[in-house]
Amino acid sequence: IKHIGVFTSGGDSPGMNAALYAIAKSAEVNDIKVSGFLKGYEGLIDGDLIPFKSHELKKITQKGGTILKTARSKRFLELEGRKKALQTLKANKIDALIAIGGDGTFRGLLAFSEICDIPFIGIPGTIDNDISGTDYTLGFDSAVNTAIENIDKIKDTAESHNRIFIVEVMGRDSGYIAIHSGLTTGADAILIPESGKDFIYLLNKVKNYNNEEAFLVVVSEGDELGAELVASKIKEINSDVDLRITRLVHVQRGGNPSAFDRMLGIRMGVAAIESLLQGKKNVMVGISHNQLHLTSFKEVVKQHQVNNELYELLELFGK
Ligand code: ATP
């Protein structure tokens with residue numbers, strides 16, 4: 001392997017830059033040239049690429065976001081777009097690709113592998129932690145820390161005014177950010193898309209709510225839920241409550257990565273290069289029991305489940 005292409009895709013997440021630095025460093029040590037494609041699959045289609053130098057990248061290891069920019073690409077969903085991307089790889093003599101992104105990005109690589117047989121390696125980069133084959137995705141820890149910091153502040157006000165606060169956190173269809181940020185801030189109720197029971201717990205608690213204390217609900221964004229719906233259900237039961245909604249939205253995506261995410265990015269970046277050197281293809285680097293390991297894209301794109309221990313915690317603290 002002489003020339004690797006790298007890109008970030010889907011939503012940005014803190015730790016992506018650390019992974020890019022590690023890829024550049026490890027490739028340099030192994031005499032491999034690296035080029036970065038800009039804006040995910042869009043850059044691959046348009047041949048928009050920049051050379052990678054580790055001494056430049058080490059300056060941005062601590063920064064959130066991704067210096068390669070990221071995008072969602074409608075064109076790559078079409079065969080025509082993927083054929084253009086293949087031409088870009090051939091024209092630039094790229095013999096392997098590393099992608100940092102979420103499950104959609106790996107679905108894209110699976111589709112691409114039908115017409116392109118160079119090795120692809122994935123690194124899970126999303127704040128949602130919703131990818132099979134890894135306990136942690138890059139950016140999740142930072143996003144939870146940001147959420148906690150903000151919820152702590154909201155709690156101070158909730159307690160001073162005896163208000164109900166509903167805080168909506170990110171995570172798309174995954175409740176991981178809500179579970180972690182809700183449990184660790186002492187939320188009275190946590191609602192996640194994967195569970196149906198938590199709504200009942202919430203409503204039971206609200207029935208006994210006496211307007212004389214703070215009441216914190218952490219709810220995950222998601223098709224079925226959302227802060228507005230929760231607020232209207234609470235109001236149906238108790239119309240007198242002093243209730244406020246806060247959506248943390250994109251503040252959770254930005255900011256400098258935590259120590260955990262920087263280290264995870266560095267470890268996964270190096271592992272991605274090593275996997276290529278070992279001849280691996282179409283696999284994602286993941287971490288379980290603090291050990292890095294590889295999982296095929298076919299497994300990775302299967303539906304991700306919240307683990308049982310977390311469900312049990314939700315149930316215990318929901319009572
Ligand atoms: P995040 O979890 O942060 O949203 P993601 O990687 O899941 O990240 P998506 O928008 O779902 O984000 O996917 C990124 C891109 O991957 C899409 O914009 C699209 O270009 C490509 N992609 C996704 N699914 C497919 C597919 N089945 N075939 C081809 N390309 C795909």
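Asn282 sits in the loop between helix 10 and strand 10 (283-288). The model is predicted. In this loop, phi of Asn282 is near 55°, a positive value in a residue other than glycine. Other topics below are a second loop, the ligand shell, the nonpolar core and a helix pair.

**Loop residues with positive phi**

- Asn282 has 19 C-beta neighbours inside 10 Å, so Asn282 counts as partly exposed. The buried class needs 20 or more.
- His289 belongs to the loop between strand 10 and strand 11 (291-296).
- Phi of His289 is near 50°. This too is a positive value in a residue other than glycine.
- His289 is exposed, because 6 other C-beta atoms lie within 10 Å. The exposed class covers counts of 12 or fewer.

**Ligand shell**

- The ligand is surrounded by 18 residues.
- The closest are Gly10, Gly11, Gly102, Gly104 and Gly108.
- Helix 5 (residues 103-112) supplies the largest share of this shell, with 6 residues.
- By class, the shell holds 10 polar, 4 nonpolar and 4 charged residues.

**Largest nonpolar core**

- The largest nonpolar core has 85 residues.
- Ala19, Ile23, Val217, Val218 and Ala272 touch the most other members.
- Helix 1 (residues 16-29) gives this core its largest share, 9 residues.
- In soluble globular proteins, nonpolar side chains tend to be buried together.
- Leaving aside residues up to four places away in sequence, Val218 touches Ile151, Val167, Val169 and Ala178. Val218 also touches Ser181, Gly182, Ala187 and Ile190, on the same basis.

**Helix 1 against helix 10**

- Two packed helices are described by the angle between their axes and the distance between the axes.
- The axes of helix 1 and helix 10 (residues 259-277) come within 7 Å. They cross at roughly 35°.
- The crossing of helix 1 and helix 10 is right-handed.
- On the helix 1 side, the contact involves Met16, Ala18, Ala19, Leu20, Tyr21, Ala22, Ile23, Ser26 and Ala27.
- On the helix 10 side, the partners are Arg262, Gly265, Ile266, Met268, Gly269, Val270, Ala272 and Ile273.
- Residues of this contact divide into 13 nonpolar, 3 polar and 1 charged.
- Ala19 and Ile23 of helix 1 take part in this contact, as does Ala272 of helix 10. Ala19, Ile23 and Ala272 are also among the core residues that touch the most other members.

Methods. Residues are numbered from 1 along each chain as its sequence is written. This is a predicted model: local features need pLDDT of at least 70, side-chain atom pairs count only at pLDDT 80 or more; totals for chains, interfaces and linings use all residues. A residue is near a molecule or strand if its C-beta atom, placed from the backbone, lies within 6 Å of it. Helices (H or I, at least four residues) and strands (E, at least two) are DSSP runs, numbered from the N terminus. Ala, Val, Leu, Ile, Met, Phe, Trp, Tyr, Cys and Pro count as nonpolar, Asp, Glu, Lys and Arg as charged, and the others, Gly among them, as polar. A nonpolar core is a set of buried Ala, Val, Leu, Ile, Met, Phe, Trp, Tyr and Cys residues joined through C-beta atoms within 7 Å. Two residues are in contact if their C-beta atoms, placed from the backbone, lie within 7 Å. Axes are lines fitted to C-alpha atoms, for helices over the stretch in contact, and angles run from 0 to 180 degrees between N-to-C directions. A crossing is left-handed if the near helix is turned anticlockwise from the far one by less than a right angle, and right-handed if clockwise.
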